[in-house]
Amino acid sequence: MRVNGKENNKNFFENVKNIVILSFGSFGLNFMLLVYILTTSRLLIERSASVTLSSVFLFSELIIFAFTYPFFTYLYDITRSAIGRRTPYLIIFGILSSFNLTLIQKLSYISLFPLLMVIALFNFWLFLYTLAFFGMVKDKIVYHFRNIMILHIKLWGIVGSITAYLYMLNSDKVQLGIETPVGGFLFLISALTVAFFIVEDKKYKVPLSRSEKPSYNYNISDTFRFYNLEVKDIKKAIIMSLIYIYEFFILNFLKDFSFRVSSINLLVFFLGVIFAYFISLFSDNFRKIVGEKKVQNLAIIILSIAYLVFNYANIKIILGLQFFVGFLWGVILLSQLGYIVPGKSERFIIYSVVIEDDSLKPDTKKLKFFFLSFILIIVLSFILDIVGVQNASLVYSIILFSTLILEKR
């Protein structure tokens, strides 16, 4: 009995340690993501780069995810080394992502093309790191700690995002681009902390035999076939594409104002989304209400009207509406996608959803969804290039309202 008690205590403290360290990893990842998207968007806008060209590179992780996720998932699962199967990738791609992010500061004074290449490369490195990170989370989830671990990782991710916004509010006082080394350094510390203080199971340190090694049988061409997507999937992809580029949209729409003003607007919006998320955590009635079709349609109509107001309102009215707009987005995302996407940390949401599904196996429909979302982002960006970013909120209003018409067909 005494031995069992000691063993139980050891397991308990091991699980608590894992939750704390992985939560810190989530904090660093989300802090860095917000610093990255705000800084790079600002650089591209100040260089007058087209919205379409910027979107292709800024949101390239969606296309990377859609076409390489099955292969790298397979590669990570069969990897064995003296330090485990996830740890080598956490170290390698954590360092590469951090270094790549720091380069953005150095490239802020030279031509546009090198900056775009660094952004695309950063997305690739970060995709590989994030896949390893959330794979590690999945490996460390145990039955009794499952919900609390996922909750802590999400909550500390939210704290990381809020901290990043507060940090970026002061960026007008420093030289443009100085933010990225800070974001990269904090991220590097969190990545190495996860890599060195989370001990992987011994079975991941022993090479697989031929009979144990699974076969890889995913056909990449399946991602191009949209025949099994329904109208509701297209509607979800439209909503995903609108929220996915929200930071870039606001920074473009408010580019005539200071960066600080734009950041405050985004922070207030973010808090509105998070408010909806917290209500959904503690209120089953809220989830039931949100699940009703009439409520969902009403939220989309009100949000469409709010963006219509944005197009003609002054900055004080826009700021005053941001929290309400964020809350409505939280309602729509919860009802349409089943989860909250509170900003650029949607990468975190993508992988955490994979964890909640308790599977890292390729879901063809999900991959098609992200590929379609990327296509819609490019189409939306092209429209904004044509009509002008000053009419971006009007475009948002029309597209949101069109999702109601699409669903009735």
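**Exercise 1.** In this predicted model, establish in which helix Ile21 is found, and decide whether Ile21 counts as buried or exposed.

*Solution.* Ile21 is found in helix α1, which covers residues 2–46. The relative accessibility of Ile21 is 10%, and since buried means under 20% relative accessible area, Ile21 counts as buried. Once neighbours within four places in sequence are left aside, the residues in contact with Ile21 are Thr193, Val194, Phe197 and Ile198. For one of these partners, Phe197, the separation from Ile21 is 176 residues in sequence, while the C-alpha to C-alpha distance is 7.5 Å.

**Exercise 2.** Describe how the axes of helices α10 and α13 cross, and state the handedness of the crossing.

*Solution.* Helix α10 spans residues 259–282 and helix α13 spans residues 315–336; their axes come within 7 Å and cross at roughly 35 degrees. The crossing of α10 past α13 is right-handed. On the α10 side the contact is made by residues including Val261, Ile264, Phe269, Gly272 and Ile279, and on the α13 side the participants include Ile318, Phe323, Gly326, Trp329 and Leu334.

**Exercise 3.** Identify which residues form the nonpolar patch on the surface, and trace which helix supplies the largest share.

*Solution.* The patch is formed by Ile301, Ile305, Val309, Ile317, Phe401 and Ile405, which together have about 490 Å² of accessible area. Helices α12 (293–310) and α16 (392–408) each supply at least two of the patch residues, and the largest share, three residues, comes from α12. Phe401 lies in α16, and because its relative accessibility is 41%, Phe401 counts as partly exposed.

Conventions. Residues are numbered from 1 along each chain as its sequence is written. This is a predicted model: local features need pLDDT of at least 70, side-chain atom pairs count only at pLDDT 80 or more; totals for chains, interfaces and linings use all residues. Side-chain values use heavy atoms; hydrogens and water are left out. Patches are made of residues with over 30% relative accessible area and no salt bridge: like charges are joined within 9 Å, nonpolar side chains (Val, Leu, Ile, Met, Phe, Trp, Tyr) within 5 Å. Accessible areas come from the Shrake-Rupley method with a 1.4 Å probe; for residues, only the protein chains shown count as cover. A salt bridge is a side-chain nitrogen of Lys or Arg within 4 Å of a carboxyl oxygen of Asp or Glu. Helices (H or I, at least four residues) and strands (E, at least two) are DSSP runs, numbered from the N terminus. Buried means under 20% relative accessible area, exposed over 50%, partly exposed in between (1.4 Å probe, protein chains only). Axes are lines fitted to C-alpha atoms, for helices over the stretch in contact, and angles run from 0 to 180 degrees between N-to-C directions. A crossing is left-handed if the near helix is turned anticlockwise from the far one by less than a right angle, and right-handed if clockwise. Contact means heavy atoms within 4.5 Å.
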